[in-house]
Amino acid sequence: MRIFLVRHGESLGNLDGHAYREFGDHNVPLTLWGARQVKIAGRAIASYLDKLPDSSASKLQVWYSPFLRTRQSKDVLLSTLPADSIGTVREDYLLREQDFGLFTEIYQHAEQKQQFPQEFERWARLRSNGAKFYVRPPDGESRADVAQRTRLFLQTIMHEVALGHDNVVIVGHGVTNRAFEMNFLQHPVAWFEASDNPGNADVTLIEGNGAVGYSSTLLHKAVDRQVGDDASRAAYDGSMADALPDGV
């Protein structure tokens, strides 16, 4: 069994937190650089699959978050992978990004504190007291909440595996992908708190079987943008997929 966890490419929100206010978290697009990152990630997955024996290379079952940046990443990925390697492609809302509630459109802590002083004080105090995994932003989700819904999604994956669909691609978000890895490999909360989110367009591979167990490796580490490369900061339009450069 193989699960490729792909984080979406660089988005406008990764460059400027004000994008969440302009577009809404669910509708923040990729940048041109982000789409290029995903294209290279897709080539890394294709190269890995190409080295597998034919008997172990069943079609990829692709799942993705409904947010725009993940949908765009999924489209770029599908345009890069060999068409005959793709099975079913499906969206699942359980893979969406963590909901930060009142803080969703406010990126800077200073502004969060200014607009919601009491809520921010309690949130920051609990986080600093070791409850980062459990504390919810006001009207939002904790990391534990995200872990719970990714565990629900894991049940869907295991049902698919029982039907023989054991090659999976999940295009998600930093916290969501990390929570899925935690659940699948049965890591403790301490593992989650000690680990970092994958970078934009990083690919984590979970591989193994029930007899020997499962492990995860960083299959592909995406390249960050080069200093002074301002042209690729523009928003990505899905119609540009065929025009993305091959190199970085």
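In this predicted model, histidine 187 touches Glu181 and Met182, once residues up to four places away in sequence are set aside. Histidine 187 sits in the loop between H8 and H9, and with a relative accessible area of 25% it comes out as partly exposed. Looking further afield, histidine 187 and lysine 132 are 55 residues apart in sequence, and their C-alpha atoms are 17 Å apart in space.

Another residue of that loop, between H8 and helix H9 (189-194), is glutamine 186. The backbone does something a bit unusual to the eye here: glutamine 186 has a positive phi of about 55 degrees despite not being a glycine. This residue follows H8. Glutamine 186 is exposed, at 70% relative accessible area.

The helix just before this loop is another story. H8 is mostly covered, with eleven of its eleven residues buried. The buried set isn't restricted to nonpolar side chains: Arg178 and Glu181 are in there, and Asp, Glu, Lys and Arg count as charged. Also among the buried residues of H8 are Val175, Phe180, Met182 and Phe184. As for what does the covering, the list includes S1, helix H7 (143-162), S4, H9, S5 and strand S6 (213-220). Glu181 and Met182, the two contacts of histidine 187, are both among these buried residues of H8.

On the other side of H9, the loop that leads to S5 holds aspartate 196 and alanine 201. Aspartate 196 is exposed, with a relative accessible area of 68%, whereas alanine 201 is buried at 0%. Alanine 201 also has a positive phi, of about 70 degrees, and again the residue is not a glycine. Aspartate 196 can be placed relative to H8 too: its C-alpha atom is separated by 8.8 Å from that of valine 175, with the two positions 21 residues apart along the chain.

Strand S5 itself contains glycine 208, which counts as buried at 16% relative accessibility. That call rests on the cut-off, since buried means under 20% relative accessible area. Leaving aside neighbours within four places in sequence, glycine 208 is in contact with Met1, Gly213 and Tyr214. Glycine 208 and leucine 163 are 45 residues apart in sequence, with 17 Å from C-alpha to C-alpha.

Now for the packing. Nonpolar side chains tend to be buried together in soluble globular proteins. The largest nonpolar core here has 26 residues, and those with the most contacts inside it are Phe4, Ile45, Leu60, Leu77, Leu81 and Val169. Two or more residues each come from strand S1 (2-7), helix H3 (32-50), strand S2 (60-64), helix H4 (68-80), strand S4 (167-172) and strand S5 (203-209). H3 gives the most to this core, namely seven residues. Phenylalanine 4 gives a feel for how these pieces meet: not counting residues up to four places away in sequence, its contacts include Ile45, Tyr48, Leu49, Leu60, Val168, Val169, Val203, Leu205 and Leu219. There is also a second, separate core of 15 residues, with Met1, Ile3, Leu94 and Ile170 among its members. Ile170 is touched by phenylalanine 4 as well.

The model also has open space to look at. The largest pocket holds about 710 Å³. Of the 29 residues lining this pocket, Tyr20, Glu97, Gln98, Phe100 and Tyr107 are the closest to its centre. By class, the lining splits into nine nonpolar, twelve polar and eight charged residues. Helix H1 (12-15), helix H5 (109-115), helix H6 (117-131) and helix H8 (174-184) each supply at least two lining residues, so named under a DSSP-based numbering from the N terminus.

Zooming out, the protein has nine helices and six strands. The radius of gyration is 18 Å, close to the 18 Å that the globule rule gives for 248 residues, so the protein is as compact as a globular protein of that length. The C-alpha trace spans about 60 × 45 × 25 Å along its principal axes. Of the 248 residues, 52% count as buried. As for contacts with a separation of 6 or more, residues 24 or more positions apart account for 73% of them.

Key:
Residues numbered from 1 in each chain as written. Predicted model: local features only at pLDDT ≥ 70, side-chain atom pairs only at ≥ 80, totals over all residues. Heavy atoms only, no water. 1 Å grid on protein atoms, 1.4 Å probe; cavity = no way out; pocket = protein on both sides within 12 Å on 5 of 7 lines; lining within 4 Å. Points joined across faces, edges and corners; volume = space filled by probe spheres on them. Helix = DSSP H or I, 4+ residues; strand = E, 2+ residues; numbered from the N terminus. Core = buried A, V, L, I, M, F, W, Y, C linked by side-chain atoms within 4.5 Å. Buried < 20%, exposed > 50% of the residue type's maximum accessible area, 1.4 Å probe, protein only. Contact = heavy atoms within 4.5 Å. Rg over C-alpha atoms; globule rule 2.2 N^0.38 Å.
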